[in-house]
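Work through the exercises below with the sequence and the model open. Each task is followed by a solution in steps.

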Amino acid sequence: MDIQRIRKIWAGLSLPLGLLFLRVSAAVLLLQIHGLPKLLDWSVELQRIEDPFGLGATLTLARAVFAEVVCPLLLILGVFARLACLPVLAVLGVALVVVHPEWTLGEAQFAWLFAVLYAGLAITGPGDWVVRLPKSLR
């Protein structure tokens with residue numbers, strides 16, 4: 001196999017592979033660090049969660065769990081991926097601007113990194129390697 005053919009094959013694989021890696025990595029990190037702990041320790045999290053808009057702890061936690069569990073699962077599958085990034089970005093925005101406005105850039109660096117990842121995926125979409133929905137659901 002000559003080098004030109006290898007380059008052509010790699011060129012066709014690098015973008016879908018890169019987007020798959022980004023979306024699965026970002027989703028697994030959010031699930032593991034934030035989503036699953038909230039879901040699995042629901043009653044403890046109800047006592048701890050900030051409620052900046054006065055919606056009540058249950059609704060606020062449910063919205064956070066949706067953004068941090070359901071949306072990452074959709075992103076892993078590549079199903080409604082751009083749409084799934086929006087609730088995550090909303091939760092990050094509320095955390096950075098409303099709940100923790102006193103955070104320095106250093107204290108908020110991981111939230112900003114998540115925001116960059118999810119904004120990038122919202123812009124690019126999931127790539128070619130996704131689970132295809134039946135036509136009736138598209």
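**Exercise 1.** Is Phe80 buried, partly exposed or exposed?

Solution. The model is predicted: local features need pLDDT of at least 70, side-chain atom pairs count only at pLDDT 80 or more, and totals for chains, interfaces and linings use all residues. Residues are numbered from 1 along each chain as its sequence is written, and side-chain values use heavy atoms, with hydrogens and water left out.

- Step 1: take the classes. Buried means under 20% relative accessible area, exposed means over 50%, and partly exposed lies in between (1.4 Å probe, protein chains only).
- Step 2: apply them. Phe80 has a relative accessible area of 46%, so Phe80 is partly exposed.
- Step 3: place the residue. Phe80 sits in the loop between helix 3 and helix 4.
- Step 4: check the backbone. The phi angle of Phe80 is near 50°, a positive value in a residue other than glycine.

**Exercise 2.** Describe the secondary structure and the extent of the chain.

Solution.

- Step 1: count the elements. The chain has five helices and zero strands, where helices (H or I, at least four residues) and strands (E, at least two) are DSSP runs numbered from the N terminus.
- Step 2: read the order. Along the sequence the pattern is α-α-α-α-α.
- Step 3: take the dimensions. The C-alpha trace spans about 60 × 40 × 25 Å along its principal axes.
- Step 4: look at burial. Of the 138 residues, 28% count as buried.
- Step 5: look at the surface. The chain exposes about 8900 Å², and carbon and sulfur atoms supply 69% of that area (Shrake-Rupley method with a 1.4 Å probe; for residues, only the protein chains shown count as cover).

**Exercise 3.** Compare the UniProt annotation with the model.

Solution.

- Step 1: read the record. The unreviewed UniProt entry lists residues 12–33, 53–76, 83–103 and 109–131 under "transmembrane region". Such annotations may be inferred rather than shown by experiment.
- Step 2: examine residues 83–103. This span is 81% helix and 0% strand, and its end C-alpha atoms lie 28 Å apart.
- Step 3: examine residues 109–131. Here the chain is 70% helix and 0% strand, with 32 Å between the end C-alpha atoms.
- Step 4: look between helix 4 (81–99) and helix 5 (109–124). The loop there holds His100, which is partly exposed because its relative accessibility is 22%.

**Exercise 4.** Why is there no disulfide between Cys71 and Cys85?

Solution.

- Step 1: recall the bond. A disulfide is a covalent bond between the sulfur atoms of two cysteines.
- Step 2: set the cut-off. A pair of cysteine sulfur atoms counts when within 2.5 Å.
- Step 3: apply it. The sulfur of Cys85 is 8.3 Å from the closest cysteine sulfur, in Cys71, which is too far for a bond. The whole structure has zero disulfides.
- Step 4: check exposure. Cys71 is buried at 2% relative accessibility, and Cys85 is buried at 1%.

**Exercise 5.** Which residues does Thr60 touch, not counting residues up to four places away in sequence?

Solution.

- Step 1: locate the residue. Thr60 lies in helix 3 (residues 57–77) and is buried, with a relative accessible area of 13%.
- Step 2: list the partners. With contact meaning heavy atoms within 4.5 Å, Thr60 touches Ile49, Glu50, Asp51 and Leu55, when residues up to four places away in sequence are left out.
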